[in-house]
Protein chains: 2
Amino acid sequence: MRPLSPTPNRIYQMQFPPLESSNVSSSQNASPSTHRNLEQVQESMHSAISMNKREILDAALNNFSEGYFVLPIESRRKLLVTLAREYDLSRAHVRELMKQYLAIELPRGDEAVDSGHEEEGSFSAFYRIERNLRHSLKPMYEVLFERLNTHPGGLRFLTIMRADILSFLEEDNIAALRALDSYLKEKLITWLSPANLHLHHITWDDPASLLEKIVTYEAVHPISNLLDLKRRLGVGRRCFGYLHPAIPGEPLIFIEVALMMNVAQTVQEVLWDDPPIPECEATCALFYSISSTQPGLSGINLGKFLIKRVIDVVRKDMPSISTFATLSPIPGYMQWLLSKLASAERSGSTFRENLLKPEEESALIDAAGELATGKNGMEVMWNLLASANHEWTNSAKLMSALSTPLMRLCARYLLQEKKRGKALDPVANFHLQNGAMVGRLNWMADRSEKGLRQSAGIMVNYIYTVEKIEENAQSYFSRGQTQAFPDVRSYLEPQEDHEETKD
Amino acid sequence: MRPLSPTPNRIYQMQFPPLESSNVSSSQNASPSTHRNLEQVQESMHSAISMNKREILDAALNNFSEGYFVLPIESRRKLLVTLAREYDLSRAHVRELMKQYLAIELPRGDEAVDSGHEEEGSFSAFYRIERNLRHSLKPMYEVLFERLNTHPGGLRFLTIMRADILSFLEEDNIAALRALDSYLKEKLITWLSPANLHLHHITWDDPASLLEKIVTYEAVHPISNLLDLKRRLGVGRRCFGYLHPAIPGEPLIFIEVALMMNVAQTVQEVLWDDPPIPECEATCALFYSISSTQPGLSGINLGKFLIKRVIDVVRKDMPSISTFATLSPIPGYMQWLLSKLASAERSGSTFRENLLKPEEESALIDAAGELATGKNGMEVMWNLLASANHEWTNSAKLMSALSTPLMRLCARYLLQEKKRGKALDPVANFHLQNGAMVGRLNWMADRSEKGLRQSAGIMVNYIYTVEKIEENAQSYFSRGQTQAFPDVRSYLEPQEDHEETKD
């Protein structure tokens with residue numbers, strides 16, 4: 001599965017045509033005409049914020065969004081910084097209201113008043129200023145967001161605008177732009193609440209324009225040709241997408257499901273083994289890919305609701321299916337392990353934590369033969385894993401010696417390594433916060449270059465146990481507890497159970 | 001037309017059954033069991049606010065709404081006051097943030113900074129505290145509103161809750177409850193934005209359960225029987241309603257339209273004259289009734305968007321129709337005129353404004369005969385109009401003498417009498433803010449008791465000129481200008497043109 005944490009954002013300048021049909025081509029050079037363009041677009045942005053008449057407003061919103069799309073990247077950046085800085089709130093006004101507020105005495109602490117009426121007067125003043133403050137704390141650019149949201153094509157434009165903002169923030173962390181992004185993100189979360197999203201079962205009967213998007217956006221297991229796509233929508237397979245009425249024909253996120261007899265252990269079984277079993281024999285729904293299509297919705301967890309809805313739909317449709325599981329990558333494992341091995345080497349021997357058990361260390365040195373001369377176990381392990389071509393996978397002896405510590409440390413990584421109370425691994429964090437449990441680790445489940453590089457080929461099944469989803473999510477959220485099946489927990493020794501990485 | 005300003009709200013205790021089917025019956029006595037009920041409902045309200053697990057939350061929301069419906073009025077009042085006071089925001093926290101905010105220096109006034117980076121730090125602090133303040137200024141009860149909004153039946157429950165709040169506020173203006181109402185109203189305005197409403201052409205083919213609601217809620221021209229309803233949905237007639245997906249089968253507001261050759265001058269022509277003209281001959285769409293069905297949506301202008309959408313639909317459907325007009329009551333006219341006549345009498349003769357022109361006064365005294373003995377024109381007018389049985393309508397002479405000043409003063413009332421820049425008359429204000437013009441005054445257009453009491457039988461046509469709707473609305477909104485047709489304006493003498501009632 002693809003991590004849902006922010007992926008590198010690109011500027012989708014050419015990929016997304018202007019909202020209204022027009023064949024303007026993007027000018028990439030900061031020529032005088034570009035400069036005039038920026039001014040014009042800025043003017044239409046101003047109109048879109050300050051106009052009140054409906055007809056003119058619609059025209060201004062169109063002008064603005066069309067104009068935005070033809071601007072070169074640098075002009076977009078300037079425009080958005082202008083929006084963030086010059087259409088902010090009035091700090092002077094906010095301060096004025098605060099001073100008024102602080103001048104009123106707080107009756108009887110902050111508690112509710114039982115006696116009723118004598119303090120009504122001062123409470124009225126609180127309520128009035130609080131209300132005014134709520135309004136004055138809204139930046140002026142909220143008007144633009146709200147107007148675009150109800151304007152045809154506007155919601156889509158806003159997600160593209162946010163993708164741009166995020167990419168600019170990667171280059172330069174401008175506080176005003178960061179605040180603009182955070183405000184826009186909160187708005188998008190409201191507008192894209194599950195109540196406003198429509199679950200669509202994607203089939204071979206869907207329009208080609210929609211299916212094309214699935215091919216384009218599938219990021220976990222790329223779709224190579226039409227036959228490949230057809231199979232993923234055919235017997236024993238399901239594909240569901242979340243659509244918003246304002247962005248028709250383009251799922252914001254979609255999930256691919258395989259109906260199976262058992263929880264799959266390798267990518268091979270899901271993608272290539274043929275034929276699929278008859279659907280009536282399936283007892284397991286395996287989520288093998290989830291892809292979000294909009295970089296501008298980064299950080300907005302639509303997948304959580306999508307998974308829950310899909311579980312509901314599949315259960316209703318096929319009561320024989322009782323297991324809901326994923327086959328997921330562990331994208332951060334190798335990075336964590338290599339840096340752990342390196343830092344253990346750097347620290348003095350007194351404080352050094354030996355990541356390997358004595359028997360693992362001797363087995364490894366034994367298997368490595370002359371490669372291990374003069375090195376300890378962790379050095380050998382680092383050398384093997386860090387080598388570019390993953391040569392260790394060509395030696396049965398090395399694979400065998402590595403598998404024990406790699407599986408054990410992987411369990412530790414997934415179950416115990418946390419940052420701010422959340423799992424260090426982004427995909428683990430995604431599923432755990434959705435209420436899944438760590439079900440099983442699968443050795444050599446993804447032998448692709450990417451799989452070996454990210455996680456030494458290990459994949460994990462997260463299990464969604466319907467009755468426990470909310471409970472798990474809650475205990476993960478409030479106490480940072482990671483739920484796991486005994487099988488996975490058995491990799492860990494009891495004393496390691498409460499270790500946690502502080503940040 | 002029915003005024004859309006707040007109407008007296010009743011508690012819809014029995015009229016609306018609990019959300020989920022259950023046969024609990026309402027206990028009206030404050031018995032010990034009632035007391036236990038209140039505590040229980042309060043507990044489920046608390047759970048609905050503080051719970052996080054989905055299943056439990058849904059149960060808590062159901063418990064709360066079901067419990068609310070069986071509570072007697074007094075307990076509902078207590079519960080809502082508790083919600084308003086004890087689930088408010090934390091003022092101590094708000095004050096703490098404000099002090100932090102005021103302690104940061106405002107860089108270079110309140111203006112945007114061009115130079116870029118040197119002040120990023122202090123701006124970051126502003127953005128951070130502003131964001132925190134926005135959150136801390138949200139009362140705790142917002143959670144309940146948000147959760148109910150996405151819960152099945154919850155939006156409807158919230159409108160009923162607001163109807164209760166409004167009726168409690170009429171009895172006792174508790175500041176906390178007022179603040180609760182204002183917050184809920186803003187939420188409802190967001191949720192009921194036109195983008196979320198569906199325009200439905202109501203016909204005889206609609207479910208009886210929906211048609212029954214039209215009969216129940218039609219408040220302007222009551223529907224007496226099924227035949228009457230059928231006629232209003234038949235040839236030459238249209239009925240449109242606004243529905244929200246979360247409140248199916250029940251329009252929030254509906255409008256009745258008659259297709260006519262000319263703008264009707266009397267209720268008679270619209271409601272009872274038969275048969276209607278063939279639709280292909282119609283050139284005018286007359287809005288003769290607009291009724292909102294939810295007392296809990298009082299103050300939320302859904303009618304404005306409904307009228308605009310209906311105009312669009314009718315124009316598309318029937319290009320031969322070029323005039324869009326209303327036949328509307330003038331509910332505040334008599335009240336204003338009588339108090340004006342009375343206060344003119346009370347003030348000394350020096351400052352007394354004679355509402356009557358000399359020729360009107362003499363004609364009136366002449367027509368009144370011995371009734372006028374020893375009285376001036378305004379006293380005679382007051383006596384005639386204030387009499388309970390509207391006896392003046394039985395005398396052709398009196399009617400003729402009264403008609404001139406009544407029509408002239410009616411034009412003045414509609415065009416010039418303002419309060420805070422808005423038309424004094426609520427129906428006038430409604431249509432003017434929607435962008436209509438005052439088109440024509442119609443003498444003896446509504447001879448019903450109500451029509452005579454409210455406006456001496458006068459009705460008015462407001463005209464919606466498609467190209468000018470936005471412009472009119474804008475100039476009314478920003479400069480308080482009332483647009484009128486020359487016909488109406490001719491009642492007024494030039495020097496009266498800029499008079500305005502200050503408040």
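This is a walk through a predicted model, from the build of chain A to the enclosed spaces and then to a few individual residues.

Let's start with the broad picture of chain A. It contains 20 helices and 9 strands. Of its 503 residues, 52% count as buried. If you look at contacts between residues at least 6 apart in sequence, 74% of them join residues at least 24 apart. As for the outside, the accessible surface of chain A comes to about 22,600 Å², and carbon and sulfur atoms account for 52% of that.

Now for the holes. How many cavities of 30 Å³ or more are there? The count comes to 4. The largest cavity holds about 50 Å³ of space, and its walls belong to chain B. Lining it are Asp228(B), Arg231(B), Arg232(B) and Arg237(B), along with Val270(B), Leu271(B) and Tyr288(B). Two helices of chain B, helix 10 (226–232) and helix 11 (267–271), each supply at least two residues of this lining. Which element gives the most? That would be helix 10 of chain B, with 3 residues. Sorted by class, the lining of the largest cavity has 4 charged residues and 3 nonpolar ones, with no polar residues.

Hop over to chain A for the second largest cavity, with a volume of about 40 Å³. The residues to select here are Asp228(A), Arg231(A), Arg232(A), Arg237(A), Val270(A), Leu271(A) and Tyr288(A), which line the second largest cavity. Helix 10 (226–232) and helix 11 (267–271) of chain A each put at least two residues into that lining, and helix 10 of chain A gives the most, with 3. The class breakdown for this second largest cavity reads 3 nonpolar, no polar and 4 charged residues.

On to the cysteines. How many disulfides does the structure hold over all chains? The total is 0. Two cysteines are worth clicking on while you're here. Cys284(A) has a relative accessible area of 1%, so it is buried. Over in the other chain, Cys239(B) counts as buried because its relative accessibility is 1%.

Next, a closer look at one spot in chain A. Val215(A) sits in helix 9, which covers residues 208–217 of chain A. Is Val215(A) buried, partly exposed or exposed? Its relative accessible area is 32%, so Val215(A) is partly exposed. Setting aside neighbours within four places in sequence, Val215(A) touches Ile223(A) and Leu229(A). You can also check its spacing to Asn225(A): the two residues are 10 apart in sequence, and their C-alpha atoms are 8.5 Å apart in space.

Chain B offers a loop residue to set beside that one. Pro194(B) falls in the loop between helix 8 (175–191) and strand 1 (198–201) of chain B. With a relative accessible area of 26%, Pro194(B) is partly exposed. Which residues does Pro194(B) contact, leaving aside neighbours within four places in sequence? They are Tyr242(B), Phe305(B) and Arg309(B). Arg309(B) is 115 residues away from Pro194(B) along the chain, yet their C-alpha atoms are separated by 9.5 Å.

Finally, some backbone geometry. Most residues other than glycine have a negative phi. Against that background, Arg420(A) deserves a look: its phi is near 50°, a positive value in a residue other than glycine. Where does Arg420(A) sit? Look in the loop between strand 6 (418–419) and strand 7 (422–423) of chain A. Arg420(A) counts as exposed because its relative accessibility is 68%.

Chain B has an entry of its own here. The phi of Arg420(B) is near 50°, again a positive value in a residue other than glycine. Arg420(B) is found in the loop that runs between strand 6 (418–419) and strand 7 (422–423) of chain B. With 68% relative accessibility, Arg420(B) counts as exposed.

Note on methods:
Residues are numbered from 1 along each chain as its sequence is written. Chains are lettered from A and ligands numbered from 1 in the order in which they are written. This is a predicted model: local features need pLDDT of at least 70, side-chain atom pairs count only at pLDDT 80 or more; totals for chains, interfaces and linings use all residues. Side-chain values use heavy atoms; hydrogens and water are left out. On a 1 Å grid over the protein atoms alone, a cavity is a set of points where a 1.4 Å probe fits but cannot get out, and a pocket is an open set with protein on both sides within 12 Å along at least five of seven lines; lining residues have an atom within 4 Å of a point. Grid points are joined across faces, edges and corners, and a volume is the space filled by probe spheres set on the points. Helices (H or I, at least four residues) and strands (E, at least two) are DSSP runs, numbered from the N terminus. Ala, Val, Leu, Ile, Met, Phe, Trp, Tyr, Cys and Pro count as nonpolar, Asp, Glu, Lys and Arg as charged, and the others, Gly among them, as polar. A disulfide is a pair of cysteine sulfur atoms within 2.5 Å. Buried means under 20% relative accessible area, exposed over 50%, partly exposed in between (1.4 Å probe, protein chains only). Contact means heavy atoms within 4.5 Å. Accessible areas come from the Shrake-Rupley method with a 1.4 Å probe; for residues, only the protein chains shown count as cover.
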